[in-house]
Every structure is written in C-alpha cells, then in structure tokens.
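User: I have a structure open and would like to go through it with you. Could we begin with how the strands are matched up?

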Amino acid sequence: MRSSAAYEMTSGDIGRARGFVREFLSTGQSLRAWTVSGRAADVAQLVVSELATNVCKYAPGPCLLDVVSDGTVLSISMWDSGPVLPSPSPADPNRVGQHGLELVLAVCQSFELRREAVGKRVCVQIALQDSADKSPSGRTVW
C-alpha cells in the first residue's frame, strides 16, 4: 500500500503530516489486517514529526511525503527543496535541542539521504512489529 501528501511545511503542517502517517497505518490495519505495534505507530509519527520539523526550520516551502508498506516495514520518504543535507550534531551532553536527527537514526532500521535535481530526499524504514530479541529499530539488542 502506498500514499502521498504535499505540504507547504508551515508549523501546522507538522501535525498534519503526523496525522497522515497515523491514518495510513490505521487504514493498513483495518483494510489489510496489518499488525502494527503501538510503539511502531508512535515511532513512525515521531520520525515524521522530526523530519517535518527539519524542513520547517531549514528548507521552508514545498514538501512531499510518501509512505509505503507491505505490512511488515513502513518506508517513509520526505522530499524538500533545500539543497543542504542534514547531519547529526556531535555528541554534547550540554546541548539543548537539535537532537531530532539523532533520534531518527536511533529508531529507524535504515536511513538514506539523496540529492535530487532540486533539493533532497530523506528515506527511512521502520519495522511495524516489535520483536522480543530486537529493539523497535530492528537492531539486535546486546
């Protein structure tokens, strides 16, 4: 299943993007009998919120959000017109804020940045079910 949405990415659009992902997962559960853990649904919304916040702060303007899932993994792709690729800030226990990308990297199974003819695209994948031997990101817990 796949769905897309376009935003101007003002601050109000961050909540709309979260709602879009929440509705996508809910539709998958009701129409396709997907099993989506509550934690995975929360993580998906957190990730979209963080990506959308970065667009608002650093690349305001048009933004495209694409979501695709087979019921096992949720792929989220966000395009914006900004040319600068995001990068996580160095570890600093005294830093207030700017932890969004660190959070996204910690909870996603994969993370990819791509330059486009105009702007950039951030692509992530999130496991929709939690596993007893793995963390919600899908990475093995040691």
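Analyst: Let us begin with one pair of residues: Cys-63 stands opposite Asp-80 in β3. Please keep in mind that this is a predicted model.

User: What about Ser-69, which residue in β3 is opposite that one?

Analyst: Ser-69 faces Leu-74 in β3. Strand β2 covers residues 63-69 and strand β3 covers residues 73-80, and the two pair in the antiparallel sense over seven bridges.

User: What happens in the hairpin of β2 and β3?

Analyst: Three residues lie between the strands there, and Gly-71 takes a positive phi near 95°.

User: And how many bridges join β1 to β2?

Analyst: There are six bridges between β1 and β2, which run antiparallel. One of the residues involved is Ser-4, whose bridge partner in β2 is Asp-66.

User: Which way do the side chains along β2 point?

Analyst: The side chains alternate along β2. Cys-63, Leu-65, Val-67 and Ser-69 point to one face and are buried, whereas Leu-64, Asp-66 and Val-68 point to the other face and are not buried.

User: Zooming out, what is the order of the strands in the sheet?

Analyst: The sheet is open and has five strands in the order β1-β2-β3-β5-β4, with antiparallel pairing. Strands β1 (2-7) and β4 (110-115) are at the edges with a single partner strand each, so one side of each has no neighbour in the sheet. From one strand to the next, the twist averages 15°.

User: Where does helix α1 pack?

Analyst: Helix α1, residues 11-32, packs on the sheet and touches β1, β2 and β3. The direction of α1 makes about 170° with that of β1.

User: Take Ile-14: buried or exposed?

Analyst: Ile-14 belongs to helix α1. Ile-14 counts as buried because its relative accessibility is 12%, and the cut-off for buried is under 20%.

User: Which residues does Ile-14 touch, leaving out those up to four places away in sequence?

Analyst: Those residues are Met-9, Ser-49, Ala-52, Thr-53 and Cys-56.

User: New topic: how much space lies in the largest pocket?

Analyst: The largest pocket holds about 460 Å³ of space. Its lining has 23 residues, and Asn-54, Tyr-58, Pro-86, Ser-87 and Leu-101 lie nearest the centre.

User: Which element gives the largest share of that lining?

Analyst: Helix α2 gives the largest share, with seven residues. The elements that give two or more residues are α2 (38-58), β3, α3 (100-107) and β5 (120-127).

User: And how do the residues of the lining divide?

Analyst: Eleven are nonpolar, seven are polar and five are charged.

Methods
Residues numbered from 1 in each chain as written. Predicted model: local features only at pLDDT ≥ 70, side-chain atom pairs only at ≥ 80, totals over all residues. Heavy atoms only, no water. Pairing = 2+ DSSP bridges. Helix = DSSP H or I, 4+ residues; strand = E, 2+ residues; numbered from the N terminus. Axes fitted to C-alpha atoms, helices over the stretch in contact; angles between N-to-C directions. Contact = heavy atoms within 4.5 Å. 1 Å grid on protein atoms, 1.4 Å probe; cavity = no way out; pocket = protein on both sides within 12 Å on 5 of 7 lines; lining within 4 Å. Points joined across faces, edges and corners; volume = space filled by probe spheres on them. Nonpolar A, V, L, I, M, F, W, Y, C, P; charged D, E, K, R; others polar. Buried < 20%, exposed > 50% of the residue type's maximum accessible area, 1.4 Å probe, protein only.
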